[in-house]
Amino acid sequence: LWGRDQGCAFATDGCIATGLPLEARHFCNTAMQAGCTADWRARGYCNLASYQSALPAGYQHFTDATKGGSLSVADYCPFYQAWSNGDCDDPTNLPSSNYRAEAYGSSSRCLSSAISQVVDGTQLDTPQGVGCYPTRCASDPASSDGVVLQLALTVACDPSCSGGGTEQTVWLNCTAGATLELPADVVDSSGSISGSITCPEHPYLLCDAY
């Protein structure tokens, strides 16, 4: 998936141009900013670092020559590096307080999320971030790519779900780069969740990766 369908510029141009990433899925320019790894398999952070001296010529991607990615093997290009507990396919990485309505497992992938739900009377002050959500791909002849990406939210019901239990799974259809607002019936039925989730720019790549 690294660089797939990005064109010749991805291989020939610098990873940072005038302070901006060549491509937002692969590179970043804000230290410790939350993001997803380029294969969507883990939550991560922008590994931009500051060095005590200027980086070698040819690896200076910013006006400030002491700034660059933390890994020399990546030509000091800053990218989203996985947290040690960021793998979406590991169920043990689910946060103890599931504010973003996440679920971790073999089909879960990292997506940009502004979901915030009430857990034990509290919720996120700043919901913008990333989370891990189960995904699946379905055939869709109407789509330009022939497939549609679907993702699931694990919504906490307040006080309980209509069918019993305290959580319900809600599947949403993703279109390229779309920001999905939560359906009104989900918000109304739980009474404790709000926000949106952003679909990948190229969901067909994620589907091909299965």
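**Exercise 1. Work out the surroundings of Thr37.**

Leaving out residues up to four places away in sequence, Thr37 touches Ala42, Tyr80, Gln81 and Ala82; contact here means heavy atoms within 4.5 Å. Keep in mind that this is a predicted model, where local features need pLDDT of at least 70, side-chain atom pairs count only at pLDDT 80 or more, and totals for chains, interfaces and linings use all residues. Residues are numbered from 1 along each chain as its sequence is written, and side-chain values use heavy atoms, with hydrogens and water left out.

Step 1: place the residue. Thr37 sits in the loop between strand 3 and strand 4 (42-46). Helices (H or I, at least four residues) and strands (E, at least two) are DSSP runs, numbered from the N terminus.

Step 2: check burial. Thr37 has 10% relative accessibility, so it counts as buried. The cut-offs are under 20% relative accessible area for buried, over 50% for exposed, and partly exposed in between (1.4 Å probe, protein chains only).

Step 3: look for a polar partner. The Thr37 side chain makes a polar contact with the side chain of Asp39, at 2.8 Å. A polar contact is a pair of N or O atoms within 3.5 Å; within protein, one must be able to donate a hydrogen and the other to accept it, and residues adjacent in sequence count only if both atoms are side-chain atoms.

**Exercise 2. Describe the disulfide between Cys36 and Cys110.**

Step 1: start with the count. Searching the whole structure turns up 6 disulfides, a disulfide being a pair of cysteine sulfur atoms within 2.5 Å.

Step 2: take the bond itself. Cys36 and Cys110 are joined with an S to S distance of 2.0 Å. The torsion about their S-S bond is about -70°, so this disulfide is left-handed.

Step 3: see what gets tied together. Cys36 is in strand 3 (residues 34-36) and Cys110 in strand 8 (residues 108-113), so the pair ties together parts that are 74 residues apart in sequence.

Step 4: check both ends. Cys36 is buried at 13% relative accessibility, and Cys110 is buried at 1%.

**Exercise 3. Do likewise for Cys88–Cys132 and Cys174–Cys199.**

Step 1: Cys88 with Cys132. Their sulfur atoms are 2.0 Å apart in a disulfide, and the torsion of about -65° makes it left-handed. Cys88 is in the loop between strand 7 (80-87) and strand 8, while Cys132 belongs to strand 10 (residues 129-139), so distant parts of the chain, 44 residues apart, get linked. Cys88 is buried at 0% relative accessible area, and Cys132 is buried at 0% too.

Step 2: Cys174 with Cys199. Here the S to S distance is 2.1 Å, and a torsion of about -90° again gives a left-handed disulfide. Cys174 comes from strand 12 (residues 167-174) and Cys199 from the loop between strand 15 (196-198) and helix 3 (203-208), 25 residues apart. Cys174 is buried at 3%, and Cys199 is buried at 4%.

**Exercise 4. Explain why Cys8 has no bond to Cys15.**

Step 1: check the distance. The closest cysteine sulfur to that of Cys8 is in Cys15, 17 Å away, which is too far for a bond.

Step 2: check the exposure. Cys8 counts as exposed, at 66% relative accessibility.

**Exercise 5. Locate Thr154 and list its contacts.**

Step 1: Thr154 is part of strand 11 (residues 147-156).

Step 2: Thr154 is buried, with a relative accessible area of 12%.

Step 3: setting aside neighbours within four places in sequence, the contacts of Thr154 are Asn98, Ala101, Glu102, Ala103, Gln117, Glu167 and Gln168.
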